[in-house]
Amino acid sequence: MNTTVGDRLKILRSGHTQAWLAEKLTIPPTTLSNYENNKSELNYGMIEAITSIFHVNADWLLFGTGPMRGETAPAGDCSDMAAEIVALKAENALLKETLAAKTEALSAYKELLRVTRANLDEQLDKSKAETIDAPVSVLSALSPR
């Protein structure tokens, strides 16, 4: 079963109210609710506080990997994880910008194709009309009046 950070927070909090845990973390209950509903991401300080209060591994809390409890990494070891999260967020932002630029270019290309197609259709219609009209006008000129 895949669980989210919010699901794992709810597991940890079971038996306690949101108000209780929010007070322990010195945050408003609405912020805790946002964490539990995956509407906000935990920052480094919050990860450190939660792992300290519940004596759980940061890897389990963040990714659902490794044992829930056991040997917990010292707080300093989380800085590597926090740095990796920051780097991944920066990469994600860059990928979003690239995607937006490519989407815009694709839209412009689609518009160019649409205009080109309309022009070609117009030229084809004109060519068909000239092809049909030319023999008719020749025949008209040749026919006795």
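In this predicted model, Glu36 is buried, with a relative accessible area of 2%. Its partner is Arg13: the two residues form a salt bridge in which the closest N and O atoms are 2.5 Å apart. The pair joins distant parts of the chain, since Glu36 belongs to helix 3 and Arg13 to helix 1, with their positions 23 residues apart in the numbering. Arg13 is likewise buried, at a relative accessible area of 16%; both values fall under the 20% that defines a buried residue.

The helices that carry this pair also touch each other. The axes of helix 1 and helix 3 come within 7 Å and cross at roughly 120°. An angle over 115° but not over 145° falls outside the perpendicular and antiparallel ranges, and helix 1 and helix 3 are therefore oblique to each other. On the side of helix 1 the contact is made by Gly6, Asp7, Leu9, Lys10 and Arg13, and on the side of helix 3 by Leu32, Tyr35 and Glu36. Both members of the salt bridge thus appear among the residues of this contact. By class, the contact of helix 1 with helix 3 divides into 3 nonpolar, 1 polar and 4 charged residues.

Helix 1 spans residues 5-13, and its buried residues are Val5, Gly6, Arg8, Leu9, Leu12 and Arg13. These residues cover an arc of only 160° around the axis, which puts them on the same side of helix 1. What covers them includes helix 2, helix 3, helix 4 (44-54) and helix 5 (58-63). Helix 1 is followed by Gly15, which has a positive phi, near 95°.

Helix 3 (residues 29-36) also meets helix 2 (residues 18-25): their axes come within 8 Å and cross at roughly 105°. That angle makes helix 2 roughly perpendicular to helix 3. Helix 2 contributes Gln18, Leu21, Ala22 and Leu25 to the contact, while helix 3 contributes Pro29, Leu32, Ser33 and Glu36. In this contact of helix 2 with helix 3 there are 5 nonpolar, 2 polar and 1 charged residues. Leu32 and Glu36 of helix 3 take part here, and these two residues are also listed in the contact of helix 3 with helix 1.

The salt bridge between Glu36 and Arg13 belongs to a total of 4 salt bridges in the model. Another one is formed by the side chains of Lys89 and Glu41, at 2.7 Å from N to O. Lys89 lies in helix 6 (residues 78-142) and Glu41 in the loop between helix 3 and helix 4, so this pair ties together parts of the chain that are 48 residues apart in sequence. The setting of these side chains can be read from their accessibility: Lys89, at 45% relative accessibility, counts as partly exposed, and Glu41 is exposed, with a relative accessible area of 56%.

A further salt bridge links Arg117 and Asp121, with the closest N and O atoms 3.3 Å apart. Here both residues lie in helix 6, 4 residues apart, about one turn of the helix. Arg117 is exposed, with a relative accessible area of 55%, whereas Asp121 is partly exposed, at 32%.

Notes:
Residues numbered from 1 in each chain as written. Predicted model: local features only at pLDDT ≥ 70, side-chain atom pairs only at ≥ 80, totals over all residues. Heavy atoms only, no water. Axes fitted to C-alpha atoms, helices over the stretch in contact; angles between N-to-C directions. Parallel < 35°, antiparallel > 145°, perpendicular 65-115°, else oblique. Contact = heavy atoms within 4.5 Å. Nonpolar A, V, L, I, M, F, W, Y, C, P; charged D, E, K, R; others polar. Buried < 20%, exposed > 50% of the residue type's maximum accessible area, 1.4 Å probe, protein only. Arc of directions from axis to C-beta.
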